[in-house]
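Student: I would like a close look at one part of this model. Please take me through the second largest pocket, and then through the parts of the chain around the topic.

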Amino acid sequence: MHEPRQRQARSPTLRYVLFACGCLSVALGVIGIFLPVLPTTPFLLLAAACFARSSKRFYLWLVLHPKLGPWVRDYLDGQGLPLKGKIWALVLMWASISFSMWIVPLPWVRVFMLVSAVCVTVYILKQKTRAL
């Protein structure tokens, strides 16, 4: 069974915020199943992380869900991310970072966004690619 690896947040306010983020991430992940421009895997992984810190019940619901669970379980079991999920996550992240860097006039903020995007890109690329 897939128990959450992290303990729940102590602050009730933080748990509510994490729970809300988890619900929003599940919704976006489900929409991403049907819309090719929205990645599913990153949103479901974010939801699992939020639920792990806010609600064991919803974490188990997501991980054990017959349709959504395999997306999360494959990653947690070390099977990696699907190639499509990696590509969409990187494309959308770089598009949003590029747009944000164009909008934001502060050089130090641009550098922070660029460094963050590079770090996330390296992390995603280092993850195992799941065979379909």
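Tutor: Here is the overall chain, then the pocket, then some single residues.

Keep in mind that this is a predicted model. The chain has 132 residues, and buried residues make up 34% of them. It holds 6 helices and 2 strands. Read along the sequence, the pattern runs α-α-α-α-β-α-α-β. Taken along the principal axes, the C-alpha atoms fill a box of roughly 45 × 40 × 25 Å.

Now the pocket. Rolling a probe the size of a water molecule over the atoms shows where empty space is left. The second largest pocket holds about 150 Å³ of space. Its lining is made of 14 residues. Closest to the centre are Thr40, Thr41, Trp71, Lys84 and Gly85. Which elements give two or more residues to this lining? They are H1 and helix H5, which spans 83–103. H5 gives the most, with 3 residues. What kinds of residue are these? The lining divides into 8 nonpolar, 4 polar and 2 charged.

Next, helix H1. This helix covers residues 12–34, and Val30 sits in it. Ala27 is found in H1 too. Is Ala27 buried, partly exposed or exposed? Ala27 counts as partly exposed, because its relative accessibility is 36%, and the label covers values from 20% to 50%. Val30 gets the label partly exposed as well, with a relative accessible area of 30%. Val30 also belongs to a nonpolar patch on the surface. Its partners there are Ile33 and Phe34. Together the three have about 290 Å² of accessible area. Ala27 can also be placed against a residue much further along the chain. Ala27 and Cys119 are 92 residues apart along the chain, and their C-alpha atoms are separated by 26 Å.

Move on to helix H2. It runs over residues 41–54, and Pro42 is one of its residues. Ala52 lies in H2 as well. Are these two residues buried or partly exposed? Pro42 is partly exposed, with a relative accessible area of 31%. Ala52 is at 7% relative accessibility, so Ala52 counts as buried. The cut-off for buried is under 20%. Each of these two has a distance to look at. Pro42 and Tyr123 are 81 residues apart along the chain, yet 12 Å separates their C-alpha atoms. Ala52 and Pro107 are 55 residues apart in sequence, and 36 Å apart in space, C-alpha to C-alpha.

Last comes helix H4. It spans residues 69–76, and Pro70 has its place there. Pro70 has a relative accessible area of 27%, so Pro70 is partly exposed. How far is Pro70 from Phe112? The two are 42 residues apart along the chain, and their C-alpha atoms are separated by 34 Å.

To go over it again, start at the pocket. Find Thr40, Thr41, Trp71, Lys84 and Gly85, the residues closest to its centre. Then trace H5, which gives the most to the lining. After that, turn to the surface patch of Val30, Ile33 and Phe34. Finish with Ala52, the buried residue in this tour of H2.

Definitions and conventions:
Residues numbered from 1 in each chain as written. Predicted model: local features only at pLDDT ≥ 70, side-chain atom pairs only at ≥ 80, totals over all residues. Heavy atoms only, no water. Patch = residues over 30% accessible without salt bridge, like charges linked within 9 Å, V, L, I, M, F, W, Y side chains within 5 Å. Areas by Shrake-Rupley, 256 points an atom, 1.4 Å probe, with all protein chains shown as cover. Salt bridge = Lys/Arg side-chain N within 4 Å of Asp/Glu carboxyl O. Helix = DSSP H or I, 4+ residues; strand = E, 2+ residues; numbered from the N terminus. Buried < 20%, exposed > 50% of the residue type's maximum accessible area, 1.4 Å probe, protein only. 1 Å grid on protein atoms, 1.4 Å probe; cavity = no way out; pocket = protein on both sides within 12 Å on 5 of 7 lines; lining within 4 Å. Points joined across faces, edges and corners; volume = space filled by probe spheres on them. Nonpolar A, V, L, I, M, F, W, Y, C, P; charged D, E, K, R; others polar.
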